[in-house]
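Reader: I'm new to protein structures. Could you walk me through this one, feature by feature?

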Amino acid sequence: MNKTKEVNVEKEDGSEVKIVVKRPNAHLINKAQKIGAKVWTESVKSGLFTKISLHDFMKANGIWDEHKEEEQNDITDNIRLLERQIALGVDGKKLKVSEGKRKAIEIRQLRIKLRQLISEKIALESNTAEGLADNAKFNFLVANCTYDHSGQKVYKNIEDYDENSDDEVAFAAAATLGQMMYNLDSSYEEELPENQFLKKFNLVDEDLSLVDKSGNRVDVDGTKVNDKGWLVNDDGERINRDGNLLNEQGQIILQAEYENDLTDTPKPKTTRKKKTE
């Protein structure tokens with residue numbers, strides 16, 4: 001495992017800085033554990049949920065119950081089944097690429113459904129005593145493991161990191177340390193079984209967006225889309241599912257012709273001829 005990793009970070013103003021993230025030693029990890037334990041104790045004393053008490057609260061208030069737990073398990077089982085079918089086939093039969101594509105897209109849709117299902121649960125768990133303790137430990141390690149190109153610490157202390165935790169440098173440092181400590185793969189999405197299949201048969205581009213035979217981005221139904229994900233026609237104009245032209249706000253553009261029968265048509269003026277003497 002790498003003990004250090006250099007990262008080039010592009011800042012909002014366009015400038016670039018180099019940081020070095022170092023893997024924490026046993027001494028730093030020990031200090032982080034103590035900080036986490038202190039935050040956990042203070043959180044419990046102040047009345048915050050632990051994960052166990054939160055689970056009871058969610059169950060009592062219908063936020064997360066046996067039905068949702070069963071739904072989560074069903075989705076997970078379906079994903080695993082489809083992954084096996086893509087990898088091994090069905091009953092030893094040779095699959096068509098179109099069948100594999102359909103299964104890969106179905107897995108993608110199931111993963112989205114799973115994320116939506118558990119999103120509220122995860123959000124609540126992040127604010128439990130355990131969640132806050134984990135955040136405090138990790139933030140302490142990022143603040144003490146991030147150096148500039150000259151070997152000086154980027155952050156004076158944890159407070160300095162907290163004040164700047166929303167900028168590009170802090171984000172890059174946290175992401176890099178997370179990869180180093182927890183083996184978080186930056187190409188996680190790319191390595192998913194369904195995306196590996198779609199890549200193998202050139203059904204996605206480098207951003208894992210679906211493409212047609214000509215390399216144009218398309219949605220799951222094969223309709224062209226632009227970089228914003230909007231449906232477009234062959235001329236690149238935004239359309240809806242029925243092929244009607246849309247404006248930037250997504251409203252149907254007025255194209256019908258009308259005869260205005262609600263206003264009076266002015267009568268042409270007549271001019272009298274002057275009599276000649």
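Author: Sure, let's start with the terms: helices (H or I, at least four residues) and strands (E, at least two) are DSSP runs, numbered from the N terminus. Here the order along the sequence is β-β-α-α-α-α-α-β-α-α-α-α, with nine helices and three strands in total. Keep in mind that this is a predicted model, where local features need pLDDT of at least 70, side-chain atom pairs count only at pLDDT 80 or more, and totals for chains, interfaces and linings use all residues. Residues are numbered from 1 along each chain as its sequence is written, and side-chain values use heavy atoms, leaving out hydrogens and water.

Reader: How does the radius of gyration of the protein compare with that of a compact globule of 277 residues?

Author: The radius of gyration is taken over C-alpha atoms, and the globule rule is 2.2 Å times the number of residues to the power 0.38. That puts a compact globule of 277 residues near 19 Å, but this protein has 30 Å. Along the principal axes, its C-alpha atoms fill a box of roughly 120 × 65 × 50 Å.

Reader: What percentage of the residues count as buried?

Author: Buried means under 20% relative accessible area, exposed over 50%, and partly exposed in between (1.4 Å probe, protein chains only). In this protein, 28% of the 277 residues count as buried.

Reader: Which residues have the most contacts inside the largest nonpolar core?

Author: A nonpolar core is a set of buried Ala, Val, Leu, Ile, Met, Phe, Trp, Tyr and Cys residues joined through side-chain atoms within 4.5 Å. The largest one has 22 residues, and Ile75, Phe197, Leu198 and Leu210 have the most contacts inside it. At least two residues of this core come from each of α2 (51-60), α3 (66-88), α4 (97-125) and α9 (193-200). Helix α4 gives the most, with seven residues. There's also a second, separate core of 21 residues, which includes Ile19, Leu28, Leu141 and Tyr161.

Reader: What does Phe197 touch?

Author: Contact means heavy atoms within 4.5 Å. Leaving aside residues up to four places away in sequence, Phe197 touches Ile86, Val97, Gly100, Lys101, Ala104 and Leu203.

Reader: And Ile105: is it buried or exposed?

Author: Ile105 counts as buried because its relative accessible area is 9%. This residue lies in helix α4. Again not counting residues up to four places away in sequence, Ile105 touches Leu210 and Val220. Ile105 and Thr223 are 118 residues apart in sequence, and their C-alpha atoms are 15 Å apart in space.
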